[in-house]
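Visitor: Could you take me on a close look at one part of this model? I'd like to follow the contacts of a single side chain and then see what surrounds them.

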Amino acid sequence: MSEPLDPEMFNGCKSFALPIRFGNKWTGKILLCLRDDRRRFSELQTALQGITPKVLAESLRALERDGFVSRTSYPEVPPRVEYELTDLGRSLLEPMAALCRWTEAHLTELLAERTSV
């Protein structure tokens, strides 16, 4: 039998939510759309087929709130707004790529496990 877990093993650790919800189907895709250049809302919506304007706006606000995306509004008529990755947002690209590689390597196995339970 293995050693029992220490009931104080997490004492001293700050409790926090993960900064990005990997389960959110749009967050990673939005970050990838912004990988190479700044984009307007309509450009993002075109690439993210199936996303509603409400969900895109909410997702962009959450990414901006967390410091992953910056929003620049230009005082023009009609108004122009562009979104781009911040350095913090850009730092997520490498871990996301690793997660994508893991998924490609193990997706079949993962799906088989889900159906066997």
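Guide: Let's start with the side chain of E82, which makes a polar contact with the side chain of Y74 at 3.1 Å. The side chain of E82 also makes a polar contact with that of R80, at 3.0 Å. Please keep in mind that this is a predicted model, and that the distances are computed from it.

R80 and Y74 meet as well: R80 lies over the face of Y74, 3.8 Å from the ring centre. With that, you have the three side chains of this little tour: E82 contacts Y74, E82 contacts R80, and R80 sits over the ring of Y74. If you were hoping for ring-on-ring pairs, the structure holds 0 aromatic pairs.

Is E82 buried or exposed? Its relative accessibility is 13%, and because the cut-off for buried is under 20%, E82 counts as buried.

Now for the backbone that carries these side chains. E82 is found in strand β3, which covers residues 80–85. Strand β2 runs over residues 69–74 and is an edge strand, pairing on one side only. A hairpin joins β2 to β3 through 5 residues, and the two strands pair in the antiparallel sense over 6 bridges. You can check the register at two places: S73 stands opposite V81 of β3, and R71 stands opposite Y83 of β3. As background, side chains in a regular strand alternate between the two faces of the sheet.

The loop between β2 and β3 deserves a pause too, as P78 has its place there. A cis peptide bond joins V77 and P78, with omega at about -5 degrees.

On to β1, residues 39–40, which is the other edge strand and likewise pairs on one side only. β1 pairs with β3 in the antiparallel sense over 2 bridges. Here R40 stands opposite E82, which brings us back to the residue where we began. R39, for its part, stands opposite Y83 in β3. Y83 therefore gives you a handy place to look across the sheet, with R39 opposite it in β1 and R71 opposite it in β2. Put together, the 3 strands form an open sheet in the order β1-β3-β2, with antiparallel pairing.

Let's follow the chain outward from the edge strands. Ahead of β1, in the loop that comes after α1 (27–33), you will find D36. At 63% relative accessibility, D36 counts as exposed. D36 and A57 are 21 residues apart in sequence and 20 Å apart in space, C-alpha to C-alpha. Ahead of β2, the loop that comes after α3 (53–65) holds D66. D66 is partly exposed, with a relative accessible area of 29%. From D66 to R35 the separation is 31 residues in sequence and 17 Å in space, again C-alpha to C-alpha.

One last stop is helix α5, residues 93–116. At 1.5 Å a residue, its 24 residues should span 34 Å, and the end C-alpha atoms are 33 Å apart, which agrees. While you are there, look for the kink of about 60 degrees in α5, centred on H106.

Technical notes. Residues are numbered from 1 along each chain as its sequence is written. This is a predicted model: local features need pLDDT of at least 70, side-chain atom pairs count only at pLDDT 80 or more; totals for chains, interfaces and linings use all residues. Side-chain values use heavy atoms; hydrogens and water are left out. Two strands pair if DSSP finds at least two bridges between them. Helices (H or I, at least four residues) and strands (E, at least two) are DSSP runs, numbered from the N terminus. The expected span of a helix is 1.5 Å times one less than its number of residues. The bend at a residue is the angle between axes fitted to the seven residues ending there and the seven starting there. Rings of Phe, Tyr and Trp (its six-membered ring) pair if their centres lie within 6.5 Å; planes under 30 degrees apart count as stacked, over 60 as edge-to-face and the rest as tilted. A charge sits over a ring if NZ of Lys or CZ of Arg is within 6 Å of the ring centre and within 35 degrees of the ring normal. Buried means under 20% relative accessible area, exposed over 50%, partly exposed in between (1.4 Å probe, protein chains only). A polar contact is a pair of N or O atoms within 3.5 Å; within protein, one must be able to donate a hydrogen and the other to accept it, and residues adjacent in sequence count only if both atoms are side-chain atoms.
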